[in-house]
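Work through the exercises below with the sequence and the model open. Try each task before you read its solution.

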Amino acid sequence: MRHNVTVLGDSRAFDTYYANASYTTRYGYDATFSHVWRAAALADPDAGYDVVHIPDHFRGGTVQNNIVRLALTDPAVVVLLDGIWETLLNKGHFIEYAKENDPGLPYSRERLVELFKADRLSVSPRDLAERTRTLVSYFRRRRRQVIYMTLPVPPKAYIGSTYHAGDYTPHADWDECLTAVNTAGTAVAQDYGCEVFDLTGLMTEIGGPEKALIDQWHFSPAFHQEIAKRLAASVTVMLKNAPGPSHVSHDFMLGPSTGTLPPDVIVHKGTPGDEPGALAALGPEQILIYPDELSDLDNPRGYDRAELQKQAIR
């Protein structure tokens, strides 16, 4: 049985549309980790899996849209690379907060960051962690493995030194925002027994952001190559416990479902907070499904993340 390993990746998994004269390093999709990884997997007759890349920025307006696109590949392993948009703060976020909560509040960069870390803005670590939890939960409840990739956190000395993508200059305390998002997301991943891929550690290992990045957040070809090797090593181990072809999860990857439920399908009537405990109590052949996942296909119309407002210096 050949498995699918599916990557849900933002522009760091594939980005050429920002290319301009400022970039001294340019490459196409062929140099990205998902393509490099797939080429290696297909060249290895013993690998037993294919790599599918789903670009998160396109038709990813809601978490449900992305769940559908992932589920349609029936993945044995899901790899999540996301979160940059949610860290790109600007003064507009502060103005929005002050208008609704404290019109006299004076602006400062430090206050903006503190509001972000305290989950008080329209973007927050908590919101991204909940988005991550929803994605992770869906596939872990179906006994699929998940790799959660953290955001690489460059040192303050690097922040703002290069900013070609979208002409956006991260503010000086951007590293604090990245760290807050990583902390919140990693906690979710660990609750659900996911593997956490520390991109900050790998960035440091290969020589820092000057070697790993080509601008403020997009990866260098060398970083893509190293990521591909590390992911391949992890997945080789994970697939030893992948569901077999007769596992009940294949029939309940995406609703709606009709007829009598097999005994290995456990209908969860608790809350999301109960899920980690409920999962720990399941046998290897059992899956955990919410009632509404049996009766409907949740694929709402939503905004396209590629059409978010252009980030700029404000």
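**Exercise 1: The surface**

Task: State the accessible surface of the chain and the share that belongs to carbon and sulfur atoms.

Solution. Start with the total: the accessible surface comes to about 14300 Å². Then take the share: 52% of this surface belongs to carbon and sulfur atoms. Keep in mind that the model is predicted.

**Exercise 2: The overall fold**

Task: Count the helices and strands, then decide how compact the chain is.

Solution. Step one is the count: the chain has 11 helices and 7 strands. Step two is the radius of gyration, which is 20 Å. The globule rule also gives 20 Å for 314 residues, so the chain is as compact as a globular protein of that length. Step three is the extent: the C-alpha trace spans about 60 × 50 × 30 Å along its principal axes. Step four looks inside: 53% of the 314 residues count as buried.

**Exercise 3: Contacts along the sequence**

Task: Take the contacts between residues at least 6 apart in sequence, and find what share joins residues at least 24 apart.

Solution. The share is 75%.

**Exercise 4: The nonpolar cores**

Task: Find which residues touch the most other members of the largest nonpolar core, and which element gives this core its largest share.

Solution. The core holds 31 residues. F33, W37, M149 and I227 touch the most other members. Several elements give two or more residues to this core, including β1 (3-9), α1 (33-43) and β4 (145-149). The largest share comes from α9, with 7 residues. Now zoom in on F33. Leaving aside neighbours within four places in sequence, its contacts include V7, L81, M149 and I227. Another core lies apart from this one. That core has 30 residues, among them I84, W85, V113 and W174.

**Exercise 5: Two residues in helices**

Task: Is S137 buried or exposed? Is P291 buried or partly exposed?

Solution. First locate S137: it is found in helix α5 (residues 125-140). Its relative accessibility is 2%. Buried means under 20%, so S137 counts as buried. Not counting residues up to four places away in sequence, S137 touches Y192 and E275.

Next locate P291: it lies in helix α11 (residues 291-295). Its relative accessibility is 39%, so P291 counts as partly exposed. With residues up to four places away in sequence left out, P291 touches V267 and H268. P291 and V267 are 24 residues apart in sequence, and their C-alpha atoms are 6.3 Å apart in space.

Key: Residues numbered from 1 in each chain as written. Predicted model: local features only at pLDDT ≥ 70, side-chain atom pairs only at ≥ 80, totals over all residues. Heavy atoms only, no water. Helix = DSSP H or I, 4+ residues; strand = E, 2+ residues; numbered from the N terminus. Rg over C-alpha atoms; globule rule 2.2 N^0.38 Å. Buried < 20%, exposed > 50% of the residue type's maximum accessible area, 1.4 Å probe, protein only. Contact = heavy atoms within 4.5 Å. Areas by Shrake-Rupley, 256 points an atom, 1.4 Å probe, with all protein chains shown as cover. Core = buried A, V, L, I, M, F, W, Y, C linked by side-chain atoms within 4.5 Å.
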